[in-house]
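I opened this entry to keep track of what I looked up, going from the metal site to the backbone and then to the surface.

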Amino acid sequence: MNKIVIYPKKVLKRKTKLVKQICEDEINLIRGMIEVMFESRGVGLSANQVGVNKRIFVTSPRIKREEVFIFINPKIIKKYGKIMDEEGCLSVPGAAAFIRRYREVEVEALGVDGKLFKIKAEGLLARIVQHEIDHLNGKIFLDRVSSKERRKHFKRLKIR
Ligand code: ZN
């Protein structure tokens, strides 16, 4: 299966494409993403992090195989409050930064069965959902810190 794409690869800076149909390709992609996520001990992974330009992400906030959430074409429809916490990213190894996020979000997405579902997320799940939707919009968490702080991270990680 695909390896994790490391920033600043282009596919991580591009807005991903809406999924029109959930077919075998998408199912295989999702299976592979779940594998890569657990192998890497990550709590979330977006399709463009394995090099695929599709609007899909998977998450398992407690890193448990029996607790995996799959979001296809996710959209935040409501958001509440603000909260600051530390984040990292499998595509930006070695970096961590405090990021302000909504405390709670209501998300609409398609499940693997193609049915629309709505979920109210709080705590870590809310943070992951926002981090992953950023990925699907071509953004990483370091796009949300000051340009001065970002330059510092990029310099240390030798990203240009
Ligand atoms: Zn990430």
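**Metal site**

I began with the zinc ion, whose donors follow the spacing C-x41-H-x3-H along the chain. The model is a predicted one, and in it I found the protein donors to be C89 through SG, H131 through NE2 and H135 through NE2, lying 2.0 to 2.2 Å from the zinc ion. I then noted that C89 and H131 link distant parts of the chain, 42 residues apart, with C89 in the loop between strand 3 (69-87) and strand 4 (97-110) and H131 in helix 2 (residues 123-136). I checked their cover as well, and both C89 and H131 are buried.

**Backbone**

Most residues other than glycine have a negative phi, and most peptide bonds are trans, so I looked for departures from both habits. I found a cis peptide bond joining Y7 and P8, with omega about 15 degrees, and P8 belongs to the segment before helix 1.

For R41 I read a positive phi, near 60 degrees, in the loop between helix 1 and strand 1 (44-46); R41 counts as exposed because its relative accessibility is 61%. For K158 phi is likewise positive and near 60 degrees, this time in the segment after helix 3 (147-157), and K158 also counts as exposed, at 74% relative accessibility.

**Surface charge**

Which residues gather in a patch of positive charge on the surface? I listed K10, K13, R14, K17 and K20. Of these I followed R14, which lies in the segment before helix 1 (24-39) and is partly exposed, since its relative accessible area is 41%.

How values were computed:
Residues are numbered from 1 along each chain as its sequence is written. This is a predicted model: local features need pLDDT of at least 70, side-chain atom pairs count only at pLDDT 80 or more; totals for chains, interfaces and linings use all residues. Side-chain values use heavy atoms; hydrogens and water are left out. Patches are made of residues with over 30% relative accessible area and no salt bridge: like charges are joined within 9 Å, nonpolar side chains (Val, Leu, Ile, Met, Phe, Trp, Tyr) within 5 Å. Accessible areas come from the Shrake-Rupley method with a 1.4 Å probe; for residues, only the protein chains shown count as cover. A salt bridge is a side-chain nitrogen of Lys or Arg within 4 Å of a carboxyl oxygen of Asp or Glu. Lys and Arg count as positive and Asp and Glu as negative; His and the chain ends are not counted. The place of a charge is taken as NZ of Lys, CZ of Arg, CG of Asp or CD of Glu. Helices (H or I, at least four residues) and strands (E, at least two) are DSSP runs, numbered from the N terminus. Buried means under 20% relative accessible area, exposed over 50%, partly exposed in between (1.4 Å probe, protein chains only). Donors are N, O and S atoms within 2.8 Å of the metal (3.2 Å for Na, K and Ca); water is not among the atoms, so sites may look incomplete.
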